[in-house]
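Subject: Structure handover and notes

Hello,

Here is the structure I promised to pass on. Please open it next to this message while you read.

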Amino acid sequence: MMSSANYFFIPDWPVFYEDNHLLAVYKPAGLLVQADQTKDPSLLELAKSWLKERYEKPGRVFLGLVHRLDRPVAGVMLFARTSKAAGRLSEQFRTGAVEKKYTAVVEGVIKQPCGHLVHSLERINGRSSRIAEEPTPKTREARLSYQVIDKTQSKSLVEINLETGRHHQIRAQFAHIGHPVLGDLRYGAGAPLPEKQIALCATELSIAHPTLKDNRTFISPYPRGWPWPNIGDAPDAPPWNWSAISPLMAW
């Protein structure tokens with residue numbers, strides 16, 4: 001069953017794909033993926049509510065969380081609608097079979113037009129990560145490749161292929177080479193962005209369908225207001241921030 005709906009609660013909020021096993025939706029910056037101690041709304045709970053209302057489901061709705069995006073990051077988010085799909089997708093993420101592409105605006109001009117970053121990454125107090133000089137029992141290898149697709153005198157627009165999925169990996173690795181993500185105060189950016197978001201967007205996610213086995217790619221457009229000239233102005237560009245969506249919701 002392939003859904004004809006292409007939006008999530010409001011017309012500006014896209015659903016990228018839906019069938020009996022998968023739900024791929026846009027995550028705005030500022031919205032949690034999963035509820036935490038703040039008790040703020042989360043995309044997971046909103047998605048369950050959307051499915052329950054859409055299909056008039058009695059009782060609780062199953063929706064499996066198979067990957068995460070940081071709260072200040074926007075882009076494509078995939079959920080599993082069945083336990084079978086959740087198990088198979090989780091295995092793909094665990095083994096590195098999923099292709100993940102991000103776009104970031106980083107501070108400064110990156111001199112090398114492309115590169116491959118490999119670091120030992122250590123998680124600190126569950127909230128941040130840092131690059132270690134040498135591997136230790138507490139570190140995990142973090143790998144990514146990047147290509148600079150545009151630049152100004154003070155910023156670079158970078159496309160990133162994420163090879164591992166470590167905590168805050170992109171943010172920590174680019175900060176370590178002297179190019180923190182725009183707006184990312186936690187990792188050394190010079191100034192915040194207006195809504196405390198950071199200029200990092202999960203633009204593409206490719207998986208093997210958990211039951212059909214063919215490859216599926218889900219693509220997020222750049223959100224409105226993306227901090228680069230002539231990007232984010234497309235008619236289908238979703239709102240960048242949760243604060244632009246929340247007031248329109250019928251709670």
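Below are my notes, taken element by element.

One caution before the details: this is a predicted model.

**Helix α1**

Start with helix α1, residues 43–54. The helix has 12 residues. From its first C-alpha to its last it reaches 16 Å, close to the 16 Å expected at 1.5 Å a residue. Its buried residues are L43, L44, L46, A47, K48, W50 and L51. Note that a lysine, K48, is on that list.

What do the buried residues of α1 pack against? Four of the partners are strands: β1 (7–8), β2 (10–18), β3 (22–27) and β5 (74–80). Helix α4 (242–245) is a partner as well. After α1 comes E56, with a positive phi near 50°.

**The E18 network**

Next, the charged pairs. The count of salt bridges comes to 12. Two of them meet at E18.

The first to look at is R54 with E18, at 3.6 Å from N to O. R54 lies in helix α1 and E18 in strand β2, so this salt bridge ties together parts that are 36 residues apart in sequence. Are the two ends buried or exposed? R54 is partly exposed, with a relative accessible area of 32%. E18 counts as buried, because its relative accessibility is 1% and the cut-off for buried is under 20%.

R81 also forms a salt bridge with E18. Here the closest N and O atoms are 3.2 Å apart. This pair again links distant parts of the chain. R81 sits in the loop between β5 and α2 (83–95), while E18 is in strand β2, 63 residues away. R81 is buried, and so is E18. Shared partners join E18, R54 and R81 into one network.

**D12, R224 and D236**

Strand β2 holds another salt-bridge residue, D12. D12 pairs with R224, and their closest N and O atoms are 3.4 Å apart. The two are 212 residues apart, with R224 in the loop between β12 and α4. D12 is partly exposed, with a relative accessible area of 38%. R224 is partly exposed too, at 36%.

D236 lies in the loop between β12 (215–219) and α4. Why does D236 count as exposed? Because its relative accessible area is 53%, and exposed means over 50%. Along the chain, D236 and R224 are 12 residues apart. Their C-alpha atoms are separated by 9.0 Å.

**Strands β6, β7, β9 and β10**

Now the strand pairing. Strand β6 (residues 99–107) and strand β10 (residues 155–162) run antiparallel, joined by 8 bridges. Within β10, L157 stands opposite V105.

β10 also pairs with strand β9 (residues 139–151). That pairing is antiparallel, over 7 bridges. How many residues lie between β9 and β10 in their hairpin? There are 3. Two registers are worth checking on screen. L144 has L162 as its bridge partner in β10. S145 stands opposite N161 in β10.

β9 pairs with strand β7 (residues 114–124) as well. These two run antiparallel, with 9 bridges. In this pairing, C114 stands opposite Q147 in β9.

**Cysteines**

C114 brings up the last topic. How many disulfides does the structure hold? The number is 0. C114 counts as partly exposed, at 49% relative accessibility. C201 is buried, with a relative accessible area of 0%.

**Where to look**

If time is short, go to E18 and view R54 and R81 around the shared network. Then follow the pairing from β7 to β9, and from β9 to β10. Finish at β6, which is joined to β10.

Best wishes

How values were computed
Residues are numbered from 1 along each chain as its sequence is written. This is a predicted model: local features need pLDDT of at least 70, side-chain atom pairs count only at pLDDT 80 or more; totals for chains, interfaces and linings use all residues. Side-chain values use heavy atoms; hydrogens and water are left out. The expected span of a helix is 1.5 Å times one less than its number of residues. Buried means under 20% relative accessible area, exposed over 50%, partly exposed in between (1.4 Å probe, protein chains only). Contact means heavy atoms within 4.5 Å. Two strands pair if DSSP finds at least two bridges between them. A disulfide is a pair of cysteine sulfur atoms within 2.5 Å. A salt bridge is a side-chain nitrogen of Lys or Arg within 4 Å of a carboxyl oxygen of Asp or Glu.
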